[in-house]
Amino acid sequence: MGIVALAPSVLVGKPDLAATSLADLVALAKARSSKGGVTYGTFGAGSAPHLAGEMFAQTIGATMLAVPYKGSAQLTTALIGGELDWAVDTVASAAPHVNAGRMKAFAVSGDHRMPQLPNVPTLKEAGLPASAGLVGWYGFVAPASTPAPIIDTIRKATEDVMQDAEVRKVFTTNGFEPVMLGRDAFRDKVNAEIAQFTGVAQRGAISMD
């Protein structure tokens with residue numbers, strides 16, 4: 001029925017990584033490609049961090065080593081402890097660690113800087129296309145058989161809620177960008193991402209098996 005929030009991600013590195021900018025990270029990744037590549041964390045084959053890491057690697061033309069973890073908490077602990085070189089994480093999860101100096105932040109995906117990390121550039125500002133990064137989203141869906149009047153009622157109610165300043169503030173505070181993309185834009189976005197990530201998985205030989 002519509003997308004109500006975008007969830008930009010942030011590229012973060014271990015505290016002692018020999019890189020202080022996105023350009024440094026790109027150079028380091030390329031330099032280590034012949035030696036197995038820098039390591040980045042995932043939640044397993046085909047997970048969002050895996051696709052994000054592979055998308056970044058394909059964009060810069062480097063080989064990287066994906067290391068699977070059971071979840072965000074385990075991955076975060078590994079990165080802070082220096083077991084990994086870098087990772088893609090949500091802004092809400094990573095910002096406290098970045099601001100406390102436990103992680104380095106190189107760039108955020110999306111079109112705008114995030115208020116939690118005002119000094120961290122966007123990918124475009126840092127010299128890479130926005131397509132190099134993953135932007136998550138949250139939306140409402142309903143069964144295909146749902147009557148049109150019910151869909152219209154829910155859509156109108158959602159649009160009204162998303163205009164509320166307090167609701168938008170909650171989204172922003174938690175690392176999301178409040179938006180309101182209608183049904184057609186939602187469908188187009190899903191179809192485009194299916195094609196995009198299918199290509200990323202095929203080029204990276206990513207399989208769920």
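With 209 residues, the protein would be expected to have a radius of gyration near 17 Å if it formed a compact globule, and the value of 18 Å found for the protein agrees with this. The model from which this value comes is a predicted one. The C-alpha trace spans about 60 × 40 × 30 Å along its principal axes. The accessible surface amounts to about 10,700 Å², and carbon and sulfur atoms contribute 57% of that area. Of the 209 residues, 43% are buried. Among contacts with a separation of 6 or more, 73% are between residues 24 or more positions apart. The protein carries 17 positive and 18 negative charges, and the mean positions of these two sets lie 4 Å apart.

The secondary structure consists of 7 helices and 7 strands. Along the sequence these elements follow the order β-α-β-α-β-α-β-α-β-β-α-α-β-α.

Strand S1 (2-13) is largely enclosed by the rest of the structure, because 12 of its 12 residues are buried. S1 pairs with several other strands. With strand S6 (residues 135-140), S1 pairs in the antiparallel sense over 6 bridges; here Ala5 has Tyr138 of S6 as its bridge partner. Strand S7 (residues 177-181) also runs antiparallel to S1 and is joined to S1 by 3 bridges, with Leu6 standing opposite Glu177 of S7.

Strands S4 and S5 are further partners of S1. The pairing of S1 with S4 is antiparallel and comprises 5 bridges, and Val12 stands opposite Ala87 in S4. S1 and S5 likewise run antiparallel, joined by 4 bridges. Val12 stands opposite Ala105 in S5, while Leu11 stands opposite Ala107 of that strand. S5 is itself mostly covered, with 4 of its 5 residues buried.

Helix H4 (residues 91-99) has as its buried residues Val91, Ala94, Ala95, His97 and Val98. The cover over these residues includes S1, together with helix H3 (72-80), strand S4 (86-90) and strand S5 (104-108). S1, S4 and S5 thus appear again, here as part of the cover of H4. Just after H4, Gly101 adopts a positive phi of about 85 degrees.

Methods
Residues numbered from 1 in each chain as written. Predicted model: local features only at pLDDT ≥ 70, side-chain atom pairs only at ≥ 80, totals over all residues. Heavy atoms only, no water. Buried < 20%, exposed > 50% of the residue type's maximum accessible area, 1.4 Å probe, protein only. Helix = DSSP H or I, 4+ residues; strand = E, 2+ residues; numbered from the N terminus. Contact = heavy atoms within 4.5 Å. Pairing = 2+ DSSP bridges. Rg over C-alpha atoms; globule rule 2.2 N^0.38 Å. Areas by Shrake-Rupley, 256 points an atom, 1.4 Å probe, with all protein chains shown as cover. Lys, Arg positive; Asp, Glu negative; His and termini not counted. Charge placed at Lys NZ, Arg CZ, Asp CG, Glu CD.
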